[in-house]
Amino acid sequence: MKTLAAEASCGKTIETGEPAVQALSPYYGCGDQLKAKHAGTVMVSGRRLENWALELSPVRSGAIVLDAGCGWGRFTWTLVEAFGVKSTDIACVDSSHGMLVTAAEEAKLRSHRPEIICAGIQALPFPRGYFDGAMANHVLYHLSNIVEGVRELARVLKEDGWLLATTNSDEVDVPLLAFHYSALDKLGIDYEREARSSFSMENGGEALSKSFREIDRFYFEDETRYSTAEEFLASYRTIGRYRNLLARKDIDANKKRQLPLLVQQQAEAVIRKKGVLRSEVRMGAFVCRGPKQ
């Protein structure tokens, strides 16, 4: 791959100290917590979402691939280490400078050399038909205009290019979130409960169909289990809703300290009664082909 930063009109290779792009929330200002969240999520089956999803895509070892909304590089490292794609043939793009700093640190740790560029999915700094494949994993629901973002992803793909887009299902109950909201209610902390996702396994196909001719949908169903409340709490401390709440200046510091304790108490009650806390996992992947140029 040629140096993408040199070809791009508005992208740039990330180095510590460059001007930051505004992050979506404090949680996405750095990749450390997101990395910890992914590392700490262990499926009962032993599967990893990254490997499962990439097995579904037509990726090949000589491909030039875009990881759009790459975060700390979760899918990029699997693409290199399990699927044989050269790290120098991958462009890692994210709108958060802090995320890319974490990705760059991880790349150095793993001795990989992907191109790392700060840019948004809705305005990708690449020429038409540049990539063999693209990934937009657990990110499209963050976009202000998903249709526009998908159109951009299709634009930078070759005629026979593919897109892998993973996301969550809206049809699942998550104890981490249920306990979080219950604790907020008990503490009298104001919050706005999120509406259904703008890009989920149930509704994401519509936006994708506007820019791709073929779309296959696959569900990833599994389970995580917690045998101790401490284990559950460690997972809770890595989620965005909790980390973003800690950054709020309108919440009393004492309430912030009480919040994880209330979450832990709820987990303890379930484990004491059932012996284990089970959390259903339901998410999946869209594999798209035939970009509409």
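What is the volume of the second largest pocket? In this predicted model, the second largest pocket has a volume of about 150 Å³, and the views below start from that pocket before turning to an annotated span and to a single helical residue.

**View 1. Lining of the second largest pocket.** The lining is made up of 14 residues, and those that lie nearest the centre of the pocket are G40, T41, V42, Y226 and E231. Two or more lining residues are contributed by each of helix 2 (32-40), strand 6 (212-226) and helix 9 (229-236). By residue class, the lining of this pocket comprises six nonpolar, five polar and three charged residues.

**View 2. The span annotated in UniProt, residues 66-164.** According to the unreviewed UniProt entry, the annotation "domain: Methyltransferase type" covers residues 66-164. Within the model, the C-alpha atoms at the two ends of this span lie 10 Å apart, and the span is 34% helix and 25% strand.

**View 3. Surroundings of Q266 in helix 11.** Q266 belongs to helix 11, which runs over residues 253-274. Because its relative accessibility is 14%, Q266 counts as buried, the cut-off for that class being under 20% relative accessible area. When residues up to four places away in sequence are left out, Q266 touches F179, S182 and A183. One of these contacts, A183, is 83 residues away from Q266 along the chain, and the C-alpha atoms of the two residues are separated by 8.8 Å.

How values were computed
Residues are numbered from 1 along each chain as its sequence is written. This is a predicted model: local features need pLDDT of at least 70, side-chain atom pairs count only at pLDDT 80 or more; totals for chains, interfaces and linings use all residues. Side-chain values use heavy atoms; hydrogens and water are left out. On a 1 Å grid over the protein atoms alone, a cavity is a set of points where a 1.4 Å probe fits but cannot get out, and a pocket is an open set with protein on both sides within 12 Å along at least five of seven lines; lining residues have an atom within 4 Å of a point. Grid points are joined across faces, edges and corners, and a volume is the space filled by probe spheres set on the points. Helices (H or I, at least four residues) and strands (E, at least two) are DSSP runs, numbered from the N terminus. Ala, Val, Leu, Ile, Met, Phe, Trp, Tyr, Cys and Pro count as nonpolar, Asp, Glu, Lys and Arg as charged, and the others, Gly among them, as polar. UniProt positions are given in the numbering used here, feature names are shortened, and annotations may be inferred rather than shown by experiment. Buried means under 20% relative accessible area, exposed over 50%, partly exposed in between (1.4 Å probe, protein chains only). Contact means heavy atoms within 4.5 Å.
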